[in-house]
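Dear colleague,

I am passing on to you the structure shown below, together with an account of what was found in it. Please read the notes beside the sequence.

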Amino acid sequence: MDIEEALKFTDNLALTTTGKHLDSLQKAILRGAWDNQKYKEIAQEHHRSEKYVKEVGFKLWKLLSVALGEEQVSKANFRAKLENLQVSNLSLVGNGCIHIRNISADTFYSPKVSQPAPQDKDKFHEKTSNSEPKIHLDLSDAPEPNLFYNRTSELSTLENWISSRTRLVTILGLSGIGKTALTLQLIPQIQHEFDRIIYRSFRNSPPLASLQTDLIQFCRGGAPVPAPSPEERATTGGLPLLEYLRSHRCLIVLDDIQTIFSSQQLAGHYQPGYENYGTFFKQIAESSHNSCLILLSWEKPREIAALEGENRPCKSLQLNGLGTEAQEIFREKGLAEPEKWSELIDLYRGNPLWLNIIATLIQDLFGGSVSEFLSYDTLFLGDLESLLEQQCDRLTEPEKQVISSLASEAAPVEISKISAHLELSPSALLQAVQSLGRRLLIEKVKQGQKTLFTLQPVLIEYLKNQH
Ligand SMILES: Nc1ncnc2c1ncn2[C@@H]1O[C@H](COP(=O)(O)OP(=O)(O)OP(=O)(O)O)[C@@H](O)[C@H]1O
Ligand SMILES: [Mg+2]
């Protein structure tokens with residue numbers, strides 16, 4: 001076994017045990033351990049503190065010890081342990097499938113890439129010899145998980161919803177707020193409830209027909225998708241996937257679904273050719289089946305607003321920024337002056353991506369001094385500008401007018417105050433405000449009975465820079 005095989009094997013093992021791939025630092029620690037490097041050297045090469053690298057290493061060795069059922073795996077013995085592993089005990093990297101403790105993680109099995117041989121297809125539906133069901137997991141489309149802090153209340157809300165048979169869950173939030181990271185964290189916590197788990201990114205905006213074929217193929221263990229019989233058509237309402245969602249408990253995660261919505265239209269309007277997704281989401285929420293669809297999006301699909309409710313099997317979670325736990329990001333980046341960190345978290349609304357970008361900038365330009373960074377009058381955006389541009393480019397003209405008006409207000413205002421500056425009909429104004437809410441671009445503030453609207457500081461700064 002060489003280091004590349006060892007990494008692949010360990011990554012498979014981590015994925016099977018925790019539902020997460022190894023991140024880049026964990027891989028660097030394994031490479032370092034393989035080459036007998038010191039923690040100090042690994043830390044220097046990866047611009048992290050030695051203490052932090054040791055902490056990550058400690059957790060990694062603990063994970064491997066548990067996963068391999070070996071007595072203590074450590075940095076010193078990692079190479080020897082792997083080289084000594086009997087290939088017969090575990091089916092290793094060759095077929096991309098490992099089988100440990102009755103959990104078969106067909107992690108790298110992807111219908112798009114490899115098709116199992118015909119004789120293997122039936123095995124896909126088999127249960128293991130004892131009564132524990134096999135879990136079939138395809139996270140091949142998911143990014144590698146990274147460091148993750150807190151979100152315990154969001155995770156427990158999602159877990160409760162899913163355990164109580166919610167069929168459609170939408171996680172909404174601005175880019176970088178942590179929707180994907182949260183979902184990858186959730187999967188290992190709920191995977192025992194499912195027998196099929198698949199994650200698909202919508203970065204290439206798949207038409208519904210090809211998504212459905214892909215999902216059915218996964219449910220069938222890679223076998224070709226047969227044309228539905230007339231009876232099946234009648235019982236699945238033209239959605240053959242439903243048959244599989246009824247016969248298996250599947251968890252389907254569809255990420256970045258904003259790619260199927262139109263730019264310069266109110267939030268949640270489908271692009272031409274994607275309108276049938278509206279009916280698809282509605283069918284998933286309303287038909288009887290045992291599965292769960294999780295949607296991750298910058299915008300709320302319009303149907304969802306009408307379908308969701310306390311006692312309904314359709315729910316949505318608006319993801320806000322991290323609170324004080326975001327300080328861990330600054331600690332990990334080695335910023336100075338912890339007493340100033342909460343100000344920074346508030347200004348950037350706890351968005352972990354933004355905080356990471358800003359922390360790197362503070363480290364690069366001010367040697368980690370937060371007060372020096374904050375001494376500038378303007379809120380620095382840097383690379384955030386292009387991220388905000390992507391979201392603001394999607395707005396309609398009335399929405400742009402509303403956010404410009406809000407950006408010029410010193411304090412939160414009522415809707416009537418927004419309209420005073422603009423030449424918009426009342427209905428155009430209300431539609432624009434509602435749509436901005438569905439994109440999570442405006443903040444609501446309650447003042448007694450009144451609802452006031454405002455923008456977050458980063459967006460105000462972005463709009464100022466546009467003029
Ligand atoms: N709870 C968290 N703790 C630490 N880092 C986090 C957390 N959540 C997210 N991050 C980090 O923030 C960055 C953005 O997260 P993520 O990609 O999940 O955002 P997103 O909401 O899915 O964004 P997009 O809509 O653009 O896909 C990633 O680098 C991720 O590792
Ligand atoms: Mg994402």
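In what follows, a residue counts as exposed if 12 or fewer other C-beta atoms lie within 10 Å of its own, as buried if there are 20 or more, and as partly exposed in between. Please bear in mind that this is a predicted model.

N36 may serve as a start. This residue is found in the loop between α2 and α3. With 10 C-beta neighbours inside 10 Å, N36 falls within the limit of 12 or fewer and therefore counts as exposed. Its phi is positive, near 60 degrees, in a residue other than glycine.

The helix that N36 follows is α2, which spans residues 24–34. In contrast to the exposed N36, the residues L25, Q26, A28, I29, L30, G32 and A33 of α2 are buried. These buried residues pack against α1 (3–18), α3 (39–45), α4 (50–68) and α5 (78–84).

As to the chain as a whole, its secondary structure comes to 22 helices and 10 strands. The chain has 467 residues, of which 35% count as buried. Of the contacts between residues at least 6 apart in sequence, 73% join residues at least 24 apart.

Next, the ligand. Ligand 1 is surrounded by 19 residues, and the closest are S175, G178, T180, A181 and P352. Two elements, α8 (179–190) and α16 (352–366), give two or more residues to this shell. The largest share, three residues, comes from α8. Sorted by class, the shell holds nine nonpolar, seven polar and three charged residues.

G368 is found in the loop between α16 and α17 (370–374). This glycine has 17 other C-beta atoms within 10 Å, and is therefore partly exposed. Which residues does G368 contact, leaving aside its neighbours within four places in sequence? They are G334, L335, A336, I362 and Q363. K333 is 35 residues from G368 along the chain, yet the C-alpha atoms of the two are separated by 8.4 Å.

S205, in the loop between β5 (196–201) and α9 (208–219), is another residue with a positive phi, about 40 degrees, although it is not a glycine. S205 is partly exposed, with 15 other C-beta atoms within 10 Å.

Two helices from later in the numbering deserve a description of their own. Helix α21 (residues 426–438) has 13 residues and reaches 18 Å from its first C-alpha to its last, close to the 18 Å expected at 1.5 Å a residue. Its buried residues are L429, A432, V433, S435, L436 and R438. Among the elements that cover them are α19 (397–407), α20 (415–421) and β10 (450–454). Just after α21, L440 takes a positive phi of about 60 degrees.

How are α18 and α22 packed? Helix α18 (residues 384–392) and helix α22 (residues 457–466) meet at an angle of about 90 degrees, and their axes are 11 Å apart. Angles of 65 to 115 degrees count as roughly perpendicular, so α18 is roughly perpendicular to α22. On the α18 side the contact is made by L384, E385 and L388, and on the α22 side by V458, L459, Y462 and N465. By class, five of these residues are nonpolar, one is polar and one is charged.

With kind regards

Note on methods:
Residues numbered from 1 in each chain as written. Chains lettered and ligands numbered in written order. Predicted model: local features only at pLDDT ≥ 70, side-chain atom pairs only at ≥ 80, totals over all residues. Helix = DSSP H or I, 4+ residues; strand = E, 2+ residues; numbered from the N terminus. Contact = placed C-beta atoms within 7 Å. Near = placed C-beta within 6 Å. Nonpolar A, V, L, I, M, F, W, Y, C, P; charged D, E, K, R; others polar. Axes fitted to C-alpha atoms, helices over the stretch in contact; angles between N-to-C directions. Parallel < 35°, antiparallel > 145°, perpendicular 65-115°, else oblique. Expected span 1.5 Å × (residues − 1).
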